[in-house]
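Biologist: I have a model open and a list of labels that I would like to understand properly. Could you take me through the reasoning behind them?

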Amino acid sequence: KKKALIIGAGIAGIATAIRLAVKGHNVEVFEANTYPGGKLSEFEKDGFRFDAGPSLLTMPQYIDELFTLAGKQPSDYFNYQKLDVVCNYFFENGSRIKAYADEGKFATEVSRATGESEKAIKKYAENSRKIYNITNHVFLERSLHQLKTYLNWNAIKSIFSLPQIDAMRTMHKANTSFFNDERMVQFFDRYATYNGSNPYAAPATLNVIPHIEQYFGAYFPDGGMYSIVSSLVKLAESLGVSFHYNSPVDEAVLDRQKVKGIKVKGELHKADTVVSNMDVWFTYHKLLKDHPKLHPQKILRQERSSSALIFYWGVSKQFPDLDLHNIFFSSDYKAEFDHVWQQKDIYDDPTVYVNISSKYKPDDAPMGCENWFVMINVPANTGQDWDKLIADARKNIIVKLSKSLDEDISQLIISETILDPRGIEHKTSSYQGSIYGTSSNSQFAAFLRHSNKSSKIDGLYFCGGSVHPGGGIPLCLLSAKIVSDWVT
Ligand code: FAD
């Protein structure tokens, strides 16, 4: 049996382990933390349970596929329900929009709240769908670094249609051409943050994201987000994959330009294949630090995606107006993104995302309470005075939520944990604490992401949010598919 070693038990590392085990490899996973999941983790405090990282599940079919591939029934391991209301939006002027999953219902709601015509919404959805149909074969489901990607009919069609994917103007510019009402522009601009980018810089191709959310739907796993990890680890173990926790990999050992194995706690573990699920920046700068000539310098210098500041609050009251996902928009979106991307600090009126899993999973909070995951987008960590930024942001967020909900929130917070870019970097070895690898703030970003296979080191592969096709659970799962198809 060929031996494959995986560095990191993030979602992509676990998925790669499953796929390689199914292919007949002998697979071991080495994880620095004492638990699997990386950014997708959970914790409990003061009677509340929190999913620490991702809160929105899209494209669960890529999770199901792993069970099916292993000859198992997905629902024996992992169950989820589709959301009727994807997200609740609150605007500073007091207006509200419920983003219904049903396209018709959503169009009616938007037209009621903003006066935009249902036709405009439909036209927008068609554009988003068109971009998806052109891009998914080339940009998402395959490597951009293998000739065979470009040699099938779907890909050829996609390449000839590339001018239609709207890459030459920004998302924001495109969105203003579809809508008159600023709230709808803001609504659709927000999708840039799904991969940590800036709608005022990112290409309008990213307007594909609303299609993914609308068409494939948004879901809540019955056991909370962390059940994605626990069910996949269970599947991997049933296939014979062994997981070593508390085992940071220190070095990738090479024999000239071929990977020979990895070093963990001074011990060499030999392998035919090594897959790094570790952030690609740290893979080179830590594990391959003695081989600077093999570093892809240009790729490693790319701009990182944004990071996040999260307050996990146990709240001593229930709010019927709130749903699982809630957005409280900034009154000046442009200023907010300028602060994140130019000043590299935090705007006084940030857009606040509140996720409450206890709405769907009541045992996540004590009776009469709710578990609030309160997140804002912040710049990657380049040495800012985070303690000061966090104290100011906390005050501003409390004022904003208290005003919108007509209730003094500060009195209701009975438990608090804070995660900032430094913590994200520390907990998961993500360079600068960025949560989606590199940013997509240029039309070339998709082509500049690191490949899933090293072009200089034989036997070394990469999966996860910092490489192709990008961050977020579905794309991480696709990276695992690309890697396992590539490994012989
Ligand atoms: P990571 O989760 O980055 O894990 C990498 C693993 O490698 C870690 O466990 C780390 O400890 C380990 N490691 C690193 N170095 C070593 C070493 N030397 N030796 C051994 N192990 C090592 N995505 C969504 O789809 N929906 C969302 O709603 C969403 N929201 C998010 C909110 C937050 C706050 C964050 C942080 C992320 C969010 N994401 C979301 C993004 C998503 O979490 C990530 O894209 C995805 O989980 C990354 O998975 P990964 O496989 O790249 O690995």
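Modeller: Happy to; we will go through burial, strand pairing, the ligand and a few backbone details. Keep in mind that this is a predicted model.

Biologist: Let's start with Tyr333. Why is Tyr333 called buried?

Modeller: Buried means under 20% relative accessible area. Tyr333 has 5%, so Tyr333 is buried. You will find Tyr333 in helix H12, residues 333–343.

Biologist: Which residues is Tyr333 in contact with, leaving aside its neighbours within four places in sequence?

Modeller: Tyr333 is in contact with Gln186, Asp189, Arg190, Thr193, Tyr200 and Thr351. Contact here means heavy atoms within 4.5 Å. Tyr347 is 14 residues from Tyr333 in sequence, and their C-alpha atoms are 9.6 Å apart.

Biologist: And what makes Val27 buried or exposed?

Modeller: The relative accessibility of Val27 is 2%, which falls under the 20% cut-off, so Val27 counts as buried. Val27 belongs to strand E2, residues 26–30. Leaving aside neighbours within four places in sequence, Val27 has contacts that include Ala4, Ile6, Leu20 and Val241. Val27 and Lys2 are 25 residues apart in sequence, with 8.6 Å from C-alpha to C-alpha.

Biologist: How do you know that E5 is an edge strand?

Modeller: Look at the order of the open sheet: 3 strands run E5-E9-E6, with antiparallel pairing. Strand E5 (57–58) pairs on one side only, and so does strand E6 (80–82), which makes them the edge strands.

Biologist: What makes E5 and E9 a pair?

Modeller: Two strands pair if there are at least two bridges between them. E5 and strand E9 (residues 218–221) are joined by 2 bridges, so they qualify as a pair, and they run antiparallel. In that arrangement Thr58 stands opposite Ala218.

Biologist: Is Thr58, in strand E5, buried or exposed?

Modeller: Thr58 has a relative accessible area of 12%, and that is under 20%, so the label is buried. Leaving aside neighbours within four places in sequence, Thr58 is in contact with Gly217 and Pro474.

Biologist: Why are both faces of strand E16 called covered?

Modeller: In general, side chains in a regular strand alternate between the two faces of the sheet. For E16, residues 325–328, His325 and Ile327 lie on one side and Asn326 and Phe328 on the other, and all of them are buried.

Biologist: Which strands does E16 pair with?

Modeller: Strand E7 (residues 85–90) pairs with E16 in the parallel sense over 3 bridges, and Tyr89 stands opposite Ile327. Strand E17 (residues 352–356) runs antiparallel to E16 and is joined to it by 4 bridges; there the bridge partner of Asn326 is Val354.

Biologist: On to the ligand. What makes the approach of Lys39 a polar contact?

Modeller: The cut-off for a pair of N or O atoms is 3.5 Å. An N or O atom in the side chain of Lys39 is 2.6 Å from an oxygen atom of the ligand, so the pair meets it. A backbone N or O atom of Ile473 lies 2.8 Å from an oxygen atom of the ligand, and one of Ala32 lies 3.1 Å from a nitrogen atom of the ligand.

Biologist: How much of the ligand does the protein bury?

Modeller: The protein buries 94% of the 1,000 Å² that the ligand exposes when taken alone. The shell divides into 16 nonpolar, 15 polar and 3 charged residues. Helix H16 gives the largest share of that shell, 3 residues.

Biologist: Why is Arg256 called exposed, but Asn246 partly exposed?

Modeller: Exposed means over 50%, and partly exposed covers the range between 20% and 50%. Arg256 has 78%, so Arg256 is exposed; Asn246 has 45%, so Asn246 is partly exposed.

Biologist: What is the phi value of each?

Modeller: Phi is near 55 degrees for Asn246, a positive value in a residue other than glycine. Arg256, not a glycine either, has a positive phi of about 55 degrees. Asn246 lies in the loop between strands E10 and E11, and Arg256 in the loop between E11 and E12.

Biologist: Which peptide bond is cis?

Modeller: The bond that joins His468 and Pro469 is cis, with omega about -5 degrees. Pro469 sits in the loop between strand E20 and helix H16.

Note on methods
Residues numbered from 1 in each chain as written. Predicted model: local features only at pLDDT ≥ 70, side-chain atom pairs only at ≥ 80, totals over all residues. Heavy atoms only, no water. Polar contact = N/O pair within 3.5 Å; in protein donor to acceptor, adjacent residues only side chain to side chain. Areas by Shrake-Rupley, 256 points an atom, 1.4 Å probe, with all protein chains shown as cover. Nonpolar A, V, L, I, M, F, W, Y, C, P; charged D, E, K, R; others polar. Buried < 20%, exposed > 50% of the residue type's maximum accessible area, 1.4 Å probe, protein only.
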